[in-house]
Amino acid sequence: MADLTTLFANKIRCPNPFWLASGPPANCADQVIRAFDAGWGGAVWKTLGVPITNVSSRYSSVDLNGQRMMGLNNIELITDRTLEVNLREIEEVKKRYPDNAVIASLMVDSTREAWHEIVERSEGAGADGLELNFGCPHGMSERGMGSAVGQVPQYCSMITEWVKEVAKTPVLVKLTPNITDIRPVAHAAKQGGADGLSAINTINSITGIDLDTFVPRPNVDGKSAHGGYCGPAVKPIALHMIQQIAEVGLPVSGIGGVSNWRDAAEFILLGCQSIQLCTAPMHWGFRIVEDMIDGLKNWMDEKGFRTIDDFRGLSLPNVKEWKNLNLNYKIIAKIHPEKCIGCDLCYIACEDGAHQCIHVDPLPPRLTVTPIPKLDGPIPATPIKIPRVDEEECVGCNLCALVCPVENCITMERVDHGIPSESWEQRSA
Amino acid sequence: MNVTINTDELFPDLHPALAPQAAVVEASRCLFCYDAPCTQACPTHIDVPKFIKKIASGNLRGSANTILDANILGLSCSRVCPVDVLCEGSCVMHRYNKQPIEIGLLQRHAMDWFYSHEPAIATAPDNGKHVACIGGGPASLACAAELRRHGFAVTVFDRNPLAGGLNTYGIAQYKLRPPDSLKEVELLRNMGVEFRFGVEVTDQTEGEFDAFFLGVGLGPMHRLNVPGDDLPGVVDALTFIADYKTGTPKVGRRVVVIGAGNTAIDSAIAARKLGAEQVHIVYRRGESDMSAFASEYEHAKLEGVEFHWQTSVTRITPDAVICGTFKIPCDMVVPAIGQSPLTKLLAVCGEVNRETGQTKHPKYFAGGDFLNGGREVVDAVADGKRAALGIKKWLTTQS
Ligand SMILES: Cc1cc2nc3c(=O)[nH]c(=O)nc-3n(C[C@H](O)[C@H](O)[C@H](O)COP(=O)(O)OP(=O)(O)OC[C@H]3O[C@@H](n4cnc5c(N)ncnc54)[C@H](O)[C@@H]3O)c2cc1C
Ligand SMILES: Cc1cc2nc3c(=O)[nH]c(=O)nc-3n(C[C@H](O)[C@H](O)[C@H](O)COP(=O)(O)O)c2cc1C
């Protein structure tokens with residue numbers, strides 16, 4: 001039976017790798033307690049610092065085809081509660097839940113004294129670790145904090161060093177994705193002595209504009225500001241950045257668009273030791289952790305993995321640079337007519353959007369009438385136009401299989417033409 | 001029994017409208033098939049994926065225009081079409097073991113939007129030609145609208161006080177109410193169609209027109225031709241339906257409907273809803289021979305209509321229908337055994353070109369139930385529109 005017990009950076013122990021990310025779900029003790037009761041392994045407290053004033057409204061979202069909140073955008077800042085209250089509640093939670101991880105997320109002015117003070121007070125309250133919020137992309141960055149720090153490697157290592165001067169618990173640096181290449185800052189964090197990395201924070205965004213008022217969302221008294229984007233839409237970006245920072249060699253807490261155990265497994269396959277979620281519990285509540293635990297365990301049992309370490313990082317060797325891919329590997333599309341429903345989406349996608357190698361014969365035009373059994377006999381079956389692939393022309397791009405709504409109706413089949421593997425690097429050597 | 005009723009309450013919508021967000025969700029479920037079978041299956045070839053995706057994108061005016069370009073009676077069709085043998089029946093989702101897209105409800109969503117936002121359709125400048133449409137039912141309305149789009153002057157004649165034909169007087173109330181049917185008539189009036197009501201057009205009727213469209217529908221209902229078929233408790237289905245739809249319902253306590261087509265089913269359901277305690281359908285052939293659509297049959301059973309197969313009516317008495325040795329006590333009999341074709345007029349028309357609706361007298365075109373033997377509203381619309389294009393082509397070659 002799979003065991004999800006997690007030991008982050010060799011120090012932070014918790015019953016499973018699922019943590020609430022720093023954000024609204026980890027705002028206060030009442031929430032964190034209910035989350036732990038629901039089964040969450042840990043929580044990164046809503047970022048502590050000097051309490052701020054928030055605006056209203058704060059969130060906006062992107063829906064996809066009627067599905068709500070494919071992406072979420074926020075312009076809220078760090079905690080709006082006093083440090084005293086937050087610390088008292090952290091202490092209380094830690095006392096009642098000694099086996100769950102409580103991480104204090106921190107953000108203060110860029111002075112050594114300010115950082116020393118908040119680190120000592122957080123650890124004094126019993127935090128199991130610290131997460132330095134160098135990622136918040138709005139508001140705080142205008143005040144020289146958050147991503148203003150995370151975008152400059154020197155600042156990042158300098159503040160990490162200050163923190164490490166006094167910290168006794170593991171220090172995680174939370175990275176911003178709002179940067180051309182995330183790796184230099186990740187290396188800088190390591191240089192500053194970080195014990196781990198958290199990635200990613202939210203991505204700069206304007207989610208949309210009201211076509212009646214011309215004001216972007218969220219609307220704050222007729223104006224808006226760019227916010228931070230997260231939720232399912234950002235998962236691919238997060239996964240890529242997680243893969244990129246693997247080279248740093250620090251324990252990684254993966255964040256960004258995780259909604260279920262499958263997403264979590266993917267983050268772990270790219271090396272993450274723990275997984276943080278914010279949008280998903282905001283959307284569905286703490287109860288989602290039940291299936292995350294159950295689903296991940298069932299999958300691990302099926303695959304024969306006993307612990308998370310058994311499969312952590314397994315996919316990293318499978319991410320290569322393009323130049324290392326085999327140019328002689330060939331696949332072509334195969335349409336399985338017995339599964340085809342005749343939507344012809346593969347045809348039009350290939351015709352207009354790819355390589356014109358799927359063909360279909362249109363039905364002859366006819367005068368259509370409502371079939372009336374009395375006048376016409378039994379109602380005939382709807383004719384179906386099944387497309388066919390020109391196998392000579394097919395480049396194996398996958399587009400038809402991607403647009404086909406029917407599972408396994410279009411499969412990409414390997415063509416073995418006996419040519420040995422050759423990459424671009426080898427060819428151009 | 002005479003009753004005062006609120007038909008809107010007694011006949012709630014068979015399929016309630018979609019809420020805006022539900023419409024977007026449903027529209028998003030549509031796969032947006034290329035050269036879609038639903039469009040093929042529609043006699044008016046409404047570009048279904050196109051209008052549905054416009055609902056998904058929030059372009060409701062564009063969606064409505066897409067529908068109305070193909071079918072000017074998009075509103076009534078969205079409510080009355082037997083979609084399970086048309087667009088929805090051919091939806092590819094069936095092959096995928098899934099619910100077909102609710103095309104009818106989505107069309108209604110776009111139409112409801114259109115009719116609540118200053119409905120208007122563009123017409124071309126007058127071209128100096130004038131066409132008469134005889135009959136104000138769906139076929140003529142579709143013909144008239146298409147002609148107006150091309151700049152023809154059109155006058156529609158109907159013997160009834162209201163236009164719409166069976167859309168106004170015949171379709172079951174829980175599908176389409178007269179005020180909705182009349183919205184479409186109003187749209188046409190705004191397009192410049194002239195209506196003349198209470199005019200029984202005969203070959204004596206005067207008027208100078210460049211062409212005529214005959215959209216006169218079917219003839220009167222067949223009589224039973226059994227003793228007693230002229231008793232006061234015997235009311236033919238179309239009269240029974242028209243009476244209740246125009247606010248003067250008359251229904252018995254125990255009603256026997258004779259026949260098993262869609263009209264019989266509509267009458268039986270209406271009788272139940274109007275308060276009849278028992279409603280019987282008597283049909284001389286078997287269940288598998290009935291011409292009503294399967295969905296209509298199911299609906300009638302749900303309403304508690306009792307079916308008697310292989311039962312021929314031999315006689316009607318003031319308090320019963322006699323079927324050989326079998327007797328059904330009742331106080332109202334509704335024969336619904338079909339409308340007779342207008343055989344004489346059809347003979348005058350001779351061979352009609354189905355693509356253009358042109359009769360053997362070139363100036364005369366025809367379509368709808370009159371010509372196709374009695375199908376559905378959407379078929380009448382398709383006929384009317386084809387005839388309008390036929391008229392246009394013919395008049396263009398004449399001048
Ligand atoms: C009870 C019933 C229920 C139905 N339910 C449905 C349904 O649910 N869905 C569906 O799609 N279809 C249904 N139909 C069929 C549909 O109503 C017809 O197919 C459609 O109305 C045909 O249109 P039309 O214009 O050809 O004829 P009609 O609608 O019959 O219109 C003909 C018009 O011509 C007028 N007219 C005739 N002769 C003259 C004359 N000499 N001078 C002046 N005016 C004249 C009539 O008054 C009438 O208004 C139903 C039909 C019936 C009878
Ligand atoms: C409303 C909101 C507030 C947030 N506040 C913070 C914060 O105070 N500190 C922080 O480090 N991250 C904050 N985040 C970022 C999340 O911790 C997380 O990095 C991001 O949302 C991506 O994860 P997700 O896709 O699971 O939401 C916030 C996110 C949201 C949506």
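Here is a short conversation about the interface, a pocket and a cavity in this predicted model.

Author: This is a predicted model, where local features need pLDDT of at least 70, side-chain atom pairs count only at pLDDT 80 or more, and totals for chains, interfaces and linings use all residues. Residues are numbered from 1 along each chain as its sequence is written, chains are lettered from A and ligands numbered from 1 in the order in which they are written, and side-chain values use heavy atoms, leaving out hydrogens and water.

Reader: What makes Lys385(A) and Asp35(B) a salt bridge?

Author: A salt bridge needs a side-chain nitrogen of Lys or Arg within 4 Å of a carboxyl oxygen of Asp or Glu. The closest N and O atoms of Lys385(A) and Asp35(B) are 3.1 Å apart, so the pair meets the rule. The count between chain B and chain A is 2 salt bridges.

Reader: How many residues make the contact between chain B and chain A?

Author: Chain B gives 34 residues and chain A gives 32 residues, with contact meaning heavy atoms within 4.5 Å. On the side of chain B, 17 residues are nonpolar, 9 polar and 8 charged. Here Ala, Val, Leu, Ile, Met, Phe, Trp, Tyr, Cys and Pro count as nonpolar, Asp, Glu, Lys and Arg as charged, and the others, Gly among them, as polar.

Reader: And what area do chain B and chain A bury between them?

Author: About 2,600 Å², with 58% of it on carbon and sulfur atoms; this is the accessible area (1.4 Å probe) lost on putting the two parts together, summed over both. In chain B, Tyr34(B), Arg95(B) and Arg375(B) lose the most area to chain A, together 26% of what that side buries.

Reader: Why is the space of about 410 Å³ called a cavity?

Author: On a 1 Å grid over the protein atoms alone, a cavity is a set of points where a 1.4 Å probe fits but cannot get out, whereas a pocket is an open set with protein on both sides within 12 Å along at least five of seven lines. The volume of about 410 Å³ belongs to the largest cavity, so by that definition the probe cannot get out of it. Volumes are the space filled by probe spheres set on the points, which are joined across faces, edges and corners.

Reader: Which residues lie nearest the centre of the largest cavity?

Author: Ser22(A), Asn74(A), Asn201(A), Thr202(A) and Cys278(A), out of 34 lining residues, where lining means having an atom within 4 Å of a point.
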